[in-house]
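I sat down with this model today and kept a few notes as I went. Here they are, in the order I looked things up.

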Amino acid sequence: TEFDDLYEHPVLMAAILGTADKVLSADTIQPGDEILITKHVGIEGMSILAADRRDLLSPYLTPDEITEVISWGEHTCVMEESRLAREHAKFMHDPTEGGVWGGIAEICSLGALEVKIQRDSIPVHAITQKAAAKLSFDPLHLIASGSLLIVVSPDKTASLLSLFEAAKIPCARIGYFADRGGDDIPA
(Lines give C-alpha, C1' and ligand atoms only; values in the text may rest on other atoms or scores of the structure.)
Protein backbone atom coordinates (compact mmCIF):
# COMPACT_ATOMS: atom_id res chain seq x y z
CA THR A 1 0.00 0.00 0.00
CA GLU A 2 1.03 3.58 -0.44
CA PHE A 3 0.07 7.05 0.76
CA ASP A 4 0.40 9.82 -1.78
CA ASP A 5 -1.18 13.26 -2.12
CA LEU A 6 -1.93 12.52 -5.78
CA TYR A 7 -4.56 9.90 -4.99
CA GLU A 8 -7.91 10.22 -3.27
CA HIS A 9 -8.29 6.44 -3.12
CA PRO A 10 -6.13 3.59 -1.77
CA VAL A 11 -3.32 2.21 -3.91
CA LEU A 12 -2.74 -1.51 -3.63
CA MET A 13 0.20 -3.38 -5.13
CA ALA A 14 0.44 -7.16 -5.33
CA ALA A 15 2.89 -9.82 -6.46
CA ILE A 16 1.94 -13.31 -7.55
CA LEU A 17 4.43 -16.15 -7.27
CA GLY A 18 4.11 -19.57 -8.83
CA THR A 19 5.59 -22.11 -11.17
CA ALA A 20 5.89 -21.81 -14.93
CA ASP A 21 6.26 -24.25 -17.77
CA LYS A 22 8.79 -21.96 -19.46
CA VAL A 23 11.28 -19.51 -17.99
CA LEU A 24 12.35 -16.56 -20.10
CA SER A 25 15.91 -15.61 -19.28
CA ALA A 26 18.37 -13.03 -20.59
CA ASP A 27 20.98 -15.82 -20.37
CA THR A 28 19.46 -17.36 -23.49
CA ILE A 29 19.98 -14.26 -25.68
CA GLN A 30 22.51 -14.95 -28.46
CA PRO A 31 24.27 -12.73 -31.02
CA GLY A 32 21.87 -12.22 -33.92
CA ASP A 33 18.71 -12.42 -31.79
CA GLU A 34 16.33 -9.63 -32.63
CA ILE A 35 14.56 -7.10 -30.43
CA LEU A 36 10.99 -6.07 -31.16
CA ILE A 37 8.73 -3.48 -29.57
CA THR A 38 4.94 -3.37 -29.44
CA LYS A 39 2.64 -0.37 -29.84
CA HIS A 40 4.58 2.92 -29.63
CA VAL A 41 6.96 4.52 -27.16
CA GLY A 42 6.04 6.86 -24.33
CA ILE A 43 2.46 5.64 -23.88
CA GLU A 44 2.41 6.08 -20.10
CA GLY A 45 4.76 9.06 -20.01
CA MET A 46 2.68 11.06 -22.47
CA SER A 47 -0.53 10.06 -20.69
CA ILE A 48 0.85 11.28 -17.36
CA LEU A 49 2.10 14.49 -18.94
CA ALA A 50 -1.32 15.19 -20.51
CA ALA A 51 -3.23 14.39 -17.33
CA ASP A 52 -0.94 16.13 -14.83
CA ARG A 53 0.61 18.97 -16.87
CA ARG A 54 -1.91 19.84 -19.53
CA ASP A 55 -0.56 23.41 -19.28
CA LEU A 56 2.74 22.28 -20.84
CA LEU A 57 1.05 20.58 -23.78
CA SER A 58 -1.87 22.93 -24.48
CA PRO A 59 0.20 25.54 -26.37
CA TYR A 60 1.27 22.84 -28.85
CA LEU A 61 -1.45 20.16 -28.94
CA THR A 62 -5.13 20.51 -29.76
CA PRO A 63 -7.71 19.65 -27.09
CA ASP A 64 -8.58 16.50 -29.09
CA GLU A 65 -4.91 15.44 -29.14
CA ILE A 66 -4.62 15.97 -25.38
CA THR A 67 -7.80 13.93 -24.82
CA GLU A 68 -6.40 11.16 -27.02
CA VAL A 69 -3.11 11.13 -25.12
CA ILE A 70 -4.89 10.97 -21.76
CA SER A 71 -6.76 7.89 -23.05
CA TRP A 72 -3.42 6.15 -23.65
CA GLY A 73 -3.30 5.56 -19.90
CA GLU A 74 -5.88 2.83 -20.48
CA HIS A 75 -3.44 0.98 -22.77
CA THR A 76 -0.51 0.33 -20.44
CA CYS A 77 -1.23 -3.37 -19.96
CA VAL A 78 0.97 -5.70 -22.01
CA MET A 79 -0.76 -8.95 -21.05
CA GLU A 80 -2.20 -9.67 -24.51
CA GLU A 81 1.10 -9.24 -26.33
CA SER A 82 2.93 -11.17 -23.60
CA ARG A 83 0.62 -14.11 -24.16
CA LEU A 84 1.11 -13.94 -27.93
CA ALA A 85 4.90 -13.73 -27.63
CA ARG A 86 5.41 -16.29 -24.87
CA GLU A 87 6.11 -19.31 -27.06
CA HIS A 88 8.39 -17.37 -29.41
CA ALA A 89 10.23 -15.07 -27.01
CA LYS A 90 13.56 -15.65 -25.32
CA PHE A 91 13.03 -12.64 -23.06
CA MET A 92 10.47 -9.88 -22.55
CA HIS A 93 10.64 -6.57 -20.70
CA ASP A 94 8.10 -3.83 -19.98
CA PRO A 95 10.25 -0.68 -20.30
CA THR A 96 8.86 1.47 -17.51
CA GLU A 97 11.34 3.76 -15.76
CA GLY A 98 14.00 5.06 -18.10
CA GLY A 99 11.76 4.49 -21.11
CA VAL A 100 12.78 2.40 -24.08
CA TRP A 101 16.45 3.36 -23.75
CA GLY A 102 16.35 2.39 -20.06
CA GLY A 103 14.63 -0.91 -20.83
CA ILE A 104 17.16 -1.81 -23.50
CA ALA A 105 20.02 -0.89 -21.13
CA GLU A 106 18.50 -3.12 -18.44
CA ILE A 107 18.35 -6.07 -20.83
CA CYS A 108 21.96 -5.50 -21.89
CA SER A 109 23.07 -5.27 -18.25
CA LEU A 110 21.84 -8.83 -17.70
CA GLY A 111 24.26 -10.37 -20.17
CA ALA A 112 27.48 -9.98 -22.10
CA LEU A 113 25.91 -8.69 -25.31
CA GLU A 114 25.13 -5.26 -26.69
CA VAL A 115 22.22 -4.30 -28.86
CA LYS A 116 22.37 -2.54 -32.22
CA ILE A 117 19.28 -0.34 -32.50
CA GLN A 118 17.85 1.16 -35.68
CA ARG A 119 16.40 4.29 -34.07
CA ASP A 120 14.26 5.16 -37.11
CA SER A 121 12.43 1.85 -36.75
CA ILE A 122 11.25 2.63 -33.20
CA PRO A 123 7.57 3.63 -33.40
CA VAL A 124 6.91 7.11 -32.00
CA HIS A 125 3.35 8.41 -32.30
CA ALA A 126 2.99 11.69 -34.24
CA ILE A 127 1.54 13.43 -31.17
CA THR A 128 4.52 12.33 -29.10
CA GLN A 129 6.88 13.54 -31.82
CA LYS A 130 5.18 16.93 -31.84
CA ALA A 131 5.32 17.28 -28.03
CA ALA A 132 8.94 16.13 -27.93
CA ALA A 133 9.97 18.66 -30.57
CA LYS A 134 8.18 21.55 -28.85
CA LEU A 135 9.26 20.65 -25.29
CA SER A 136 12.76 19.43 -26.22
CA PHE A 137 12.71 15.93 -24.77
CA ASP A 138 13.68 12.52 -26.10
CA PRO A 139 10.54 10.33 -26.26
CA LEU A 140 12.72 7.24 -25.92
CA HIS A 141 13.36 8.27 -22.29
CA LEU A 142 9.67 8.65 -21.38
CA ILE A 143 8.06 6.10 -19.08
CA ALA A 144 7.09 3.45 -21.59
CA SER A 145 4.63 1.13 -19.85
CA GLY A 146 2.28 -0.13 -22.52
CA SER A 147 5.09 -1.06 -24.87
CA LEU A 148 6.76 -4.44 -24.61
CA LEU A 149 10.34 -5.24 -25.59
CA ILE A 150 10.62 -8.79 -26.92
CA VAL A 151 13.81 -10.69 -27.71
CA VAL A 152 13.35 -13.43 -30.29
CA SER A 153 15.60 -15.59 -32.43
CA PRO A 154 15.60 -14.43 -36.08
CA ASP A 155 13.94 -17.62 -37.30
CA LYS A 156 10.85 -16.82 -35.18
CA THR A 157 10.54 -13.10 -35.93
CA ALA A 158 8.29 -13.39 -39.01
CA SER A 159 5.81 -15.75 -37.36
CA LEU A 160 5.64 -13.57 -34.24
CA LEU A 161 5.09 -10.42 -36.31
CA SER A 162 2.28 -12.27 -38.12
CA LEU A 163 0.63 -13.14 -34.80
CA PHE A 164 0.73 -9.49 -33.75
CA GLU A 165 -0.63 -8.36 -37.11
CA ALA A 166 -3.54 -10.80 -36.83
CA ALA A 167 -4.26 -9.50 -33.30
CA LYS A 168 -4.04 -5.89 -34.58
CA ILE A 169 -1.22 -5.06 -32.15
CA PRO A 170 1.48 -2.91 -33.77
CA CYS A 171 4.93 -4.46 -33.46
CA ALA A 172 8.24 -3.45 -35.00
CA ARG A 173 11.71 -4.95 -35.28
CA ILE A 174 14.06 -2.33 -33.83
CA GLY A 175 17.45 -4.04 -33.65
CA TYR A 176 19.52 -7.08 -32.85
CA PHE A 177 22.08 -8.33 -30.32
CA ALA A 178 25.81 -8.59 -30.98
CA ASP A 179 28.97 -9.36 -29.03
CA ARG A 180 30.25 -6.33 -27.12
CA GLY A 181 32.78 -4.57 -29.29
CA GLY A 182 32.61 -7.33 -31.86
CA ASP A 183 31.73 -7.30 -35.52
CA ASP A 184 28.21 -6.32 -36.47
CA ILE A 185 25.81 -9.03 -37.50
CA PRO A 186 24.02 -8.11 -40.74
CA ALA A 187 20.49 -6.91 -40.08
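What phi does Ser-136 take just after H6? I found a positive value of about 55 degrees there. A reminder to myself before going on: this is a predicted model.

**Entry 1: Ser-136**

I checked what kind of residue this is, and Ser-136 has its positive phi although it is not a glycine. Its place is the loop between H6 and strand E4, which spans 149–152. Is Ser-136 buried or exposed? I read a relative accessible area of 66%, and Ser-136 is exposed.

**Entry 2: Lys-168**

I then turned to another residue, Lys-168. Its phi is near 60 degrees, again a positive value in a residue other than glycine. I located Lys-168 in the loop between helix H7 (154–166) and strand E5 (171–179). Lys-168 counts as exposed, at 72% relative accessibility.

**Entry 3: the chain as a whole**

Next I stepped back for the overall picture. I counted seven helices and five strands in the chain. Their order along the sequence is β-α-α-α-α-β-α-β-α-β-α-β. The radius of gyration is 18 Å and the globule rule gives 16 Å for 187 residues, a close match, so the chain is as compact as a globular protein of that length. Along the principal axes, the C-alpha atoms fill a box of roughly 45 × 40 × 35 Å.

How much of the chain counts as buried? My note says 41% of the 187 residues. I also looked at contacts between residues at least 6 apart in sequence, and 82% of these join residues at least 24 apart.

For the surface, I wrote down an exposed area of about 10700 Å², with carbon and sulfur atoms supplying 55% of it. On charge, I have 15 positive and 29 negative side chains. The centres of the two sets lie 4 Å apart.

**Entry 4: helix H6**

I went back to the helix that ends just before Ser-136. H6 covers residues 126–135, and its buried residues are Ile-127, Thr-128, Ala-131 and Ala-132. They cover an arc of only 130 degrees around the axis, which puts them on the same side of H6. On the face turned away from that buried side, I noted the exposed residues Ala-126 and Ala-133.

What covers the buried residues of H6? The cover includes helix H1 (43–52), helix H2 (54–57) and helix H3 (63–71). I followed two of these helices further.

**Entry 5: helix H3**

In H3, I found Glu-65, Ile-66 and Val-69 buried. Seen down the axis, the buried residues of H3 fall within an arc of 100 degrees, so they line one face of the helix. Which exposed residues does the face of H3 turned away from its buried side carry? They are Pro-63 and Asp-64. The cover over the buried residues of H3 includes H1, H2 and H6, so I am glad I read this entry alongside the one on H6, where H3 is among the covering helices.**Entry 6: helix H1**

My list of buried residues in H1 reads Ile-43, Gly-45, Met-46, Ser-47, Leu-49 and Ala-50. Against what do the buried residues of H1 pack? I noted H2, H3 and H6.

**Entry 7: Glu-97**

One last residue for today. I placed Glu-97 in the loop between strand E2 (89–93) and helix H5 (99–109). Glu-97 is exposed, with a relative accessible area of 59%. Leaving out residues up to four places away in sequence, Glu-97 touches Gly-102 and Glu-106.

I also looked across to Gly-45, one of the buried residues of H1. Gly-45 and Glu-97 are 52 residues apart along the chain, and their C-alpha atoms are separated by 9.5 Å.

Conventions: Residues numbered from 1 in each chain as written. Predicted model: local features only at pLDDT ≥ 70, side-chain atom pairs only at ≥ 80, totals over all residues. Heavy atoms only, no water. Helix = DSSP H or I, 4+ residues; strand = E, 2+ residues; numbered from the N terminus. Rg over C-alpha atoms; globule rule 2.2 N^0.38 Å. Buried < 20%, exposed > 50% of the residue type's maximum accessible area, 1.4 Å probe, protein only. Contact = heavy atoms within 4.5 Å. Areas by Shrake-Rupley, 256 points an atom, 1.4 Å probe, with all protein chains shown as cover. Lys, Arg positive; Asp, Glu negative; His and termini not counted. Charge placed at Lys NZ, Arg CZ, Asp CG, Glu CD. Arc of directions from axis to C-beta.
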